[in-house]
Amino acid sequence: MKANKTWKKVLGVGLAVMLSATSLAACGSSKTQDGASSSGKAAATTSTVAKIKERGKYVVGVKYDLNLFGLKDPATGNVEGFDIDIAKAIAKKILGDENKIELKEVTSKTRIPMLKNGEIDSIIATMTITDERKKEVDFSDVYFMAGQSFLVKKDSTIKGLEDFTKGKKVVTAKGSTSAKNIRENAPEAEVLEFENYAEAFTALKAGQGDALTTDNALLYGMAKQDPNFRVVEGTFTEEPYGIALPKGDAEFVALVNELLKEMKQNGEYDKLYEKWIGEKPKN
């Protein structure tokens, strides 16, 4: 009887120890899971602005081949243009210094993938706001309004969209809205796509196409580079440019929109527009 009581006592103590260990393990597991979850959540919700401040540098995707907006000088290595100055203004707003910036070259084809994989903090590269792109990125308010047109040789008889009939060849850049627009608006024309607009312009000069199509603001820059070409008057689309930002980062969107509003109110935007485009904005 006594032995039986002793055995029951041992069993009771052992059970208590097991329950206690299980409870502690469960708590430990819960804490670990919660901690990982909290950590993961924190990582997912860390804003781009916070990352920029921690890094001490704003990394932005820009074009290197577009005169007036983003063009790299082969002699100095400097990249200059309207988009570059907007990027500097963002760096100054976030970090207090427009020079705390790193420019990375993007093309119409590579810019969204580079933003999504975290290589860059935003895209300022003559990027048209579209519903399709909004599925992958967020956009700022419109910072530049352009329209699609054509660049042709000075002696070309092309006057507009109606001249792009069967047999006409149009060059443009891969992944651009320009390629999509010309196919929709001139379905008989043959569209040749190149990696970027510099290559497309080279192809046009080599006689591979009858015209180069993209936004008129970009075409003016090309015509400025080579006076043997002219921009066809008029546009057949509206191309509202926006700054592309990581999807779901409302804080960054609000900050950029606030900056654009400030620049338009204090006259800084008009100064930049006139500096690069040669005239004051129409609206």
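## Two helices crossing

H3 passes H9 in a right-handed crossing. Keep in mind that this is a predicted model. Helix H3 covers residues 82–95 and helix H9 covers residues 250–265; the two pack with their axes 11 Å apart, at an angle of about 110°. Angles of 65 to 115 degrees count as roughly perpendicular, so that is the label for how H3 and H9 sit relative to each other.

## The largest pocket

Now for the open spaces. The largest pocket holds about 610 Å³ of space. Its lining is made up of 22 residues, and if you want to find the centre on screen, look for Phe144, Met145, Tyr273, Glu279 and Lys282, which are the closest to it. Three elements each give two or more residues to this lining: strand E8 (144–146), helix H8 (216–225) and helix H10 (268–277). H10 gives the most, with four residues.

What mix of residue classes lines the largest pocket? Twelve are nonpolar, while polar and charged residues come in at five each. Both domains take part as well: domain 1 (55–146 + 239–277) and domain 2 (147–238) each supply at least three residues to the lining of this pocket.

## The largest cavity

How many cavities of 30 Å³ or more does the count give? Just one. The largest cavity has a volume of about 70 Å³. Around it sit 13 lining residues, and those nearest its centre are Thr126, Ser176, Thr177, Tyr197 and Asp215. Helix H6 (177–185) and strand E12 (211–215) are the elements that put two or more residues into the lining of this cavity.

By class, the lining of the largest cavity has seven polar and four charged residues, plus two nonpolar ones. Here too the two domains contribute, with at least three lining residues from each of domain 1 (55–146 + 239–277) and domain 2 (147–238).

## Pocket and cavity together

To recap for anyone browsing the model: the lining of the largest pocket has twelve nonpolar residues, whereas the lining of the largest cavity has two. For the pocket, the elements to highlight are E8, H8 and H10; for the cavity, they are H6 and E12. Domain 1 and domain 2 each give at least three residues to the pocket lining, and each gives at least three to the cavity lining.

Key: Residues are numbered from 1 along each chain as its sequence is written. This is a predicted model: local features need pLDDT of at least 70, side-chain atom pairs count only at pLDDT 80 or more; totals for chains, interfaces and linings use all residues. Side-chain values use heavy atoms; hydrogens and water are left out. On a 1 Å grid over the protein atoms alone, a cavity is a set of points where a 1.4 Å probe fits but cannot get out, and a pocket is an open set with protein on both sides within 12 Å along at least five of seven lines; lining residues have an atom within 4 Å of a point. Grid points are joined across faces, edges and corners, and a volume is the space filled by probe spheres set on the points. Ala, Val, Leu, Ile, Met, Phe, Trp, Tyr, Cys and Pro count as nonpolar, Asp, Glu, Lys and Arg as charged, and the others, Gly among them, as polar. Domain bounds come from an automatic or database domain assignment. Axes are lines fitted to C-alpha atoms, for helices over the stretch in contact, and angles run from 0 to 180 degrees between N-to-C directions. Angles under 35 degrees count as roughly parallel, over 145 as roughly antiparallel, 65 to 115 as roughly perpendicular and the rest as oblique. A crossing is left-handed if the near helix is turned anticlockwise from the far one by less than a right angle, and right-handed if clockwise.
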